[in-house]
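Got your viewer open and a hand free for selecting? Let's walk through this model stop by stop.

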Protein chains: 2
Amino acid sequence: MNTGELVELGQQLRVDSVRAAAAAGSGHPTSSMSAADLMAVLFARHFHYDFERPDHPGNDRFVLSKGHASPLMYAVYKAAGAIDDEELLTFRENGSRLEGHPTPRRLPWVETATGSLGQGFPVGVGIAMAGKRLEHAGYRVWVLCGDSELAEGSVWEAAEHGAYEHLDNLTLIVDVNRLGQRGPTRHGHDLDAYARRFQGFGWHTVEVDGHDVDAVDRAYGEALSTKGQPTVILARTLKGKGVASIEDREGLHGKPLPEADEAIAELGGSRDLRVRVQPPSTDVAPRPGDRGRPELPRWGKGEEAATRDAFGEALSALGTARGDIVVLDGEVGDSTRAEAFAKEHPERYFECYIAEQQMVAAAVGMAARGWTPYAATFAAFLTRAHDFIRMASVSGSGLALVGSHAGVAIGQDGPSQMGLEDLAMMRAVHGSTVLYPCDANQTARLVAGMAGLDGIRYLRTSRGASEVIYGPDEEFPVGGSKVLRSSGRDRLTLVAAGVTVPEALAAAEALDGEGIAVRVIDLYSVKPVDRETLRSAAEETGCLMTVEDHHPEGGLGDAVAEAFADGRPVPRLVRLGVRTMPGSASPAEQLHAAGIDAESIAAAGRLLVGEAIVS
Amino acid sequence: MNTGELVELGQQLRVDSVRAAAAAGSGHPTSSMSAADLMAVLFARHFHYDFERPDHPGNDRFVLSKGHASPLMYAVYKAAGAIDDEELLTFRENGSRLEGHPTPRRLPWVETATGSLGQGFPVGVGIAMAGKRLEHAGYRVWVLCGDSELAEGSVWEAAEHGAYEHLDNLTLIVDVNRLGQRGPTRHGHDLDAYARRFQGFGWHTVEVDGHDVDAVDRAYGEALSTKGQPTVILARTLKGKGVASIEDREGLHGKPLPEADEAIAELGGSRDLRVRVQPPSTDVAPRPGDRGRPELPRWGKGEEAATRDAFGEALSALGTARGDIVVLDGEVGDSTRAEAFAKEHPERYFECYIAEQQMVAAAVGMAARGWTPYAATFAAFLTRAHDFIRMASVSGSGLALVGSHAGVAIGQDGPSQMGLEDLAMMRAVHGSTVLYPCDANQTARLVAGMAGLDGIRYLRTSRGASEVIYGPDEEFPVGGSKVLRSSGRDRLTLVAAGVTVPEALAAAEALDGEGIAVRVIDLYSVKPVDRETLRSAAEETGCLMTVEDHHPEGGLGDAVAEAFADGRPVPRLVRLGVRTMPGSASPAEQLHAAGIDAESIAAAGRLLVGEAIVS
């Protein structure tokens, strides 16, 4: 396309953005209009992609970090012939593929769900890392950001990471249209302010008039020829560009144009230009294949081992068997034991430093490219990435997340380091799996098993060593549980997981000595939960007591209660959990103070069974 | 103190850090030793503070962002005479005030709990904003960061915010000791790399040898004399400084020194130097007082209003009555309606742009100074600040958080904008209060009432208008509920909150027409929950059905189940919630697709009651 055609294409993208939002009665046409020329030049001149083969390994990748500009994205799809005009006008309708914010669940050309700002760029960094460090492929990653979203810290985690990894296959385009949702941004049209920040982080910067298609074309060319560092193109644009009455005006964010027909006329009316997007290169290295079943580490019953150690060893073994496994660390791999993987497979280990948002975003980017990522940090610090985990589930992304140092059982380090909300956070993620092993063999099996699941999978590990209670060949299906102790005389069932399993077993032993028979269930699969085993135990023993090293809300107690939300009468339930704010103390003191050690469990059990006799 | 004494004081702080960690058998002495000289000079020469009056309004404020260097902090307290040597050696013991990471719950001189990295600095920005914009006070804020934590995006949100607000009352000291937990940082001792980043964000930077006490003294002086912008002091230091065998060595993070006695000898043995910290200025403006009860907005029954609108109006009225109310926005105040407060009280409204971590951190900082902050954004985007909310609860901080655009009921914008995990996140926060109003009068009352509560309080609002069902004088105690419909013939109780209340009422009406009497409870207080009303309803009607616009885990269903975890037999429970991933659709279509509209509720109710008759 020549200059005149590019200008026309930009106008077409504006017109179609206005039309889509007008048809929907909602959406963000003004935010689309500012970036229309940027997209026209990119897709007509520089992007390499096969819309018929979105899984082509040589395809360039485009991420719309400013996801609310979805009308513009869909207008590009139409210009590229991927969707027709009829579908364009289904924007935001019930059942349409063209959602308010684009998602890969519905559209094969979308790499990652966006709409929570400051996320597309970090995910793009992850894709570019996969291209450069894992696939050694020639494809490029292009990300379109808004200027408002540069206020998000996650953007600067990504900037740091992108420069550190020398991602010259990544181009960030910033649509500096001066206006956020509520009003002007901090820096308005001061492109230099953004340039100073990116230069400080080691990026090559280009400032350009985002409505001058030739200048934009040259800027992309400069990005393509810049080696050793990523490039950011800072484009001065006008929100609502092309329609005088709305151009650069406040108060029009996220609204259809008031006079759409007049606006379309002012933009020169509808067009039907077609973009011929250039095809991808076919020069892509083959992916590493599987090398059989993993040889998982094995422990003998009665040995002592920490589940975090078992995680590290099992992950390393899994990485030997499967070339698609990649591991991401938040600068705590020596604590989570992810470092065991780094020693064996350094080429697939990514140190993300203390930047949990970027760690999860990079995992999402790698998952989008077909890799199987495990990202690990302290359970407590995964809360830093909560919004990224939430959006990963919107994407339908497949991630394994591992949180170590769960609960008060870590001891002296105190509450800032204790994961006490992680089960609640992970259970509430749509389609998630939540696992909490209590011994080393169980951990190893679950670490391997979670690789084959869909969606967000979470494994919670513990800091301290505990006795191995399962043999190395025992199996632990997701959604299952283990009845560790049972008899026909049981008058109470203890439901435990992780560190509370040995405490529950000891409590049961003590109560048995007093003539109170107690069942013990290891509920290692917190979600999905083993409803049948819980129901049988409840009916046979009359009451269930859950014991968890987690706040009483959202964790094991809630998971067990949910199992009984089926409309049938529920037996007696009691929950023990961490109800006070811990301080520093030894692990044993912590469990006792929280009322979840063997002695506390036995005392609560005595009370409950005693009450049962009385009532 | 002269140069020689400052050097001696630095050595004393090292010795006491080593002694404390040795006594505890854990802790971070090497991370303390690198910053000892920085602290010696600060407290002996530049810090103004009355340890006997930590609430003195003129006190300078110090934040230990690298909270793991707590031994150093406690060594300073000892040198200042605030604690004695005996207490120093209780470090990390059960019951000691000297926790692994310092918290204001235990120690009056600590401004905010740290230990999750990258949080102390943003909180310090909040304190400095309070000093400059609210209190017009002369106190200064000093923050000590590690170099590793500069990888956190939240640090750059704070850097942006601090420069934008021209916080020349804030000094950030970075202890660049080159080593993180697992190994070297990205930039090692390259102070220029950090300087470029901070300069890019508009900070004055000073590079200094962090072990040259005279140079450090001059650097602090330069910070004090810099006007119009904040200063960062980048100090080159050595981890483990002063003990040759451990200095600048990897693999020694977070461990007591292997040969503590020899190390202490090498450091010159124990000393008992006293620091005379300079007193604060007494020149502090009085705080604004109360101006009586707020005149809350009032709506007539049957009017239509959105709870987000009621939030904005009530907040503005509350701000008129109470001068301590401050409001923080994440650049969505036009959507959350916090903007109503901005119009009336611009001097107490803080636009934090799209930086939710900084928004919550600034609220924590202002709360630490005695202000009563309300921070509002979309419920979905509060997940971005989850780790800050968690740490705020460790601090015992008093915050009101408001999340708008809850649930699928927002309609076309789609899942990226829908808060569907927020109740789970907020319920699991220790000591939190969780409120979810269904009409405008109820919202107004709860907005005013939550100002008087302790800890983290969360209010969930809705985007669309709904009918006002309560009179303006009705009261809504926290921990209460409202029985909206009941009879002696009820065979089912619907428990709803927020947008599902009108749906439940309509379902009950429909079922009543079929001869099935149904009770309806508005459970506006999700935490604490009204156990007695729920128990009575369950016993009188036989079964409870919860209906929520939230994922089925962690929200209303779990809250109701928790109310029955008291060891007494539980009636039949069923929960309706959002079990699929929504797309774009109208609000009514969304509620129907999720199975939580009146029609779906009635259908589920019919099934449940039918089963009850059969069984």
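The tour starts at the interface, then visits domains, a helix and some backbone oddities.

Before you click, note that this is a predicted model, where local features need pLDDT of at least 70, side-chain atom pairs count only at pLDDT 80 or more, and totals for chains, interfaces and linings use all residues. Residues are numbered from 1 along each chain as its sequence is written, chains are lettered from A and ligands numbered from 1 in the order written, and side-chain values use heavy atoms, leaving out hydrogens and water.

**Stop 1: the interface.** Show chains A and B together. The contact (heavy atoms within 4.5 Å) takes 110 residues from chain B and 110 residues from chain A. Between them the two chains bury about 8,700 Å², with 48% of it on carbon and sulfur atoms; buried area is the accessible area (1.4 Å probe) that two parts lose on being put together, summed over both. Now select Arg182(B), Arg186(B) and Arg384(B): in chain B these lose the most area to chain A, together 11% of what that side buries.

Keep Arg384(B) and add Glu152(A). They form a salt bridge, with the closest N and O atoms 3.7 Å apart. The term covers a side-chain nitrogen of Lys or Arg within 4 Å of a carboxyl oxygen of Asp or Glu, and the count between chain B and chain A is 18.

**Stop 2: domains.** Colour chain A by its domains, whose bounds come from an automatic or database assignment: domain 1 is 3-266, domain 2 is 305-467 and domain 3 is 482-614. The C-alpha centres of domains 1 and 3 of chain A lie 52 Å apart.

**Stop 3: a helix.** Select residues 3-24 of chain B, helix α1. Helices (H or I, at least four residues) and strands (E, at least two) are DSSP runs, numbered from the N terminus. How far apart are the end C-alpha atoms of α1 of chain B? They are 32 Å apart, which agrees with the expected 32 Å for 22 residues at 1.5 Å a residue (1.5 Å times one less than the number of residues). Just after α1(B), Gly25(B) takes a positive phi of about 75°.

**Stop 4: backbone oddities.** Jump to Lys527(A) and Pro528(A), where the peptide bond is cis, with omega near -5°. Pro528(A) sits in the loop between β17 (525-527) and α19 (531-541) of chain A. Lys527(B) and Pro528(B) are also joined by a cis peptide bond, omega about -5°.

Finish at Arg337(A), a residue other than glycine with a positive phi, near 75°. Look for Arg337(A) in the loop between α12 (333-336) and α13 (339-344) of chain A.
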